Amino acid sequence: MRIVMQPARRSEKDVDQHYQDTIVKPVVFDDHADVLDAATIAQLKQLFPDGQAQMWGVVPGKKNVNVSRIKKMHPGDWVFFSGDKRVYFGGTIALMWRNKELATRLWGTDHNDSTWEYMYALSGTRGFDIPIEEIRTLLDWNPNRNIMGISVLSDEESDTLQTLLTLDPATAALEPADTAQEEAAVAAFDGELERTAQRAQRGEQAALKKRLLQGSTGQCALCGRTLPGTFLIAAHIKKRAMCSDYEKRDLANIAMLACTFGCDAVYEHGYVTVATGGGIQVSPLTAEIPEVATYIQEKLVGRSVSWWTPSREPYYLWHRTHTFKAQPPL
């Protein structure tokens, strides 16, 4: 999964209007059946059974400068919308197609009489509030670098951002598989079946869990169940990979106990977060996964986290703005 950076400054009147028209208010496919070809409508309805989807597009650009970049984009890639010095919105590219007539109907044309005809539909969208300075630092960009045009990040940069933000893939069109090629690759494989893995050990992990778990049992910070220590994890409130050395050593505040029966996973993947004061906040995207929604409804809804303190709030705030699957900004 690669990551695409989509510049879209909502402080610009036209951009904000486009955002309102096709992101805040998803596009209903049947309303545009006269300009959508049958194959595209069929794919869209298969991907979005409710008959509507959020859409965006890219202009070809002067001398088709954007076309080579667009060709690097594929369904299943993640796209971030950035503008006014922040990353504020993102989702999975579910489907891509070209339709000048539909783009003109939805968004009109720009000052060059071009339209955003290289279109894509988005799934699994969520809101963010991340300063672009943080992205620059993380990816080791020039401090003055801005996202001026549509761009596809390298595999390494994409992996780094995926680690930062816990980007779960969402619904996307599958590219046709070459079964014969896959079978030939398996048959021809003659590499090692077992490999010796080497990884850096988390030096503070044992001390961290010992500090959090005073006896043989402990209480999950999220669901409140008292469980044997075997089923409790010293879960970092802020993703450990993004912590400074000082934060990693802040054993009194950086982590909480979370159970392996579900709480650790729903927190790590951003389906719940902890609000200021300790209340559990639930992502609107839980509705897309009934099993997750049921677990949260039964175990977490209405609970307040006693682990919340003012000293831990900066770490919980980081989780809310970086990992939590927030409602896209309206």
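User: What makes a residue one of the 28 that line the second largest pocket?

Analyst: An atom within 4 Å of a pocket point, and such points come from a 1 Å grid over the protein atoms alone, in an open set with protein on both sides within 12 Å along at least five of seven lines. Ser123, Gly124, Thr125, Leu285 and Glu288 lie nearest the centre of that pocket. This is a predicted model, so local features need pLDDT of at least 70 and side-chain atom pairs 80 or more, while totals for chains, interfaces and linings use all residues. Numbering runs from 1 along each chain as its sequence is written, and side-chain values use heavy atoms, leaving out hydrogens and water.

User: Which elements give two or more residues to that lining?

Analyst: α1, β3 and β6 do, with β6 giving the largest share, five residues. These are DSSP runs, helices (H or I) of at least four residues and strands (E) of at least two, numbered from the N terminus.

User: How do you know that β2 and β3 pair?

Analyst: Pairing takes at least two DSSP bridges; β2 and β3 (residues 52-58) share two, in the antiparallel sense, so they qualify. Val27 has Ala53 as its bridge partner in β3.

User: Why is β2 called an edge strand?

Analyst: The open sheet of seven strands runs β2-β3-β6-β5-β4-β1-β7, with mixed pairing. β2 (27-28) and β7 (151-152) each pair on one side only.

User: What volume does the largest pocket have?

Analyst: About 1000 Å³, counted as the space filled by probe spheres set on the points, with a 1.4 Å probe. Pro7, Ala8, Glu12, Val15 and Met148 are the closest to its centre, out of 35 lining residues.
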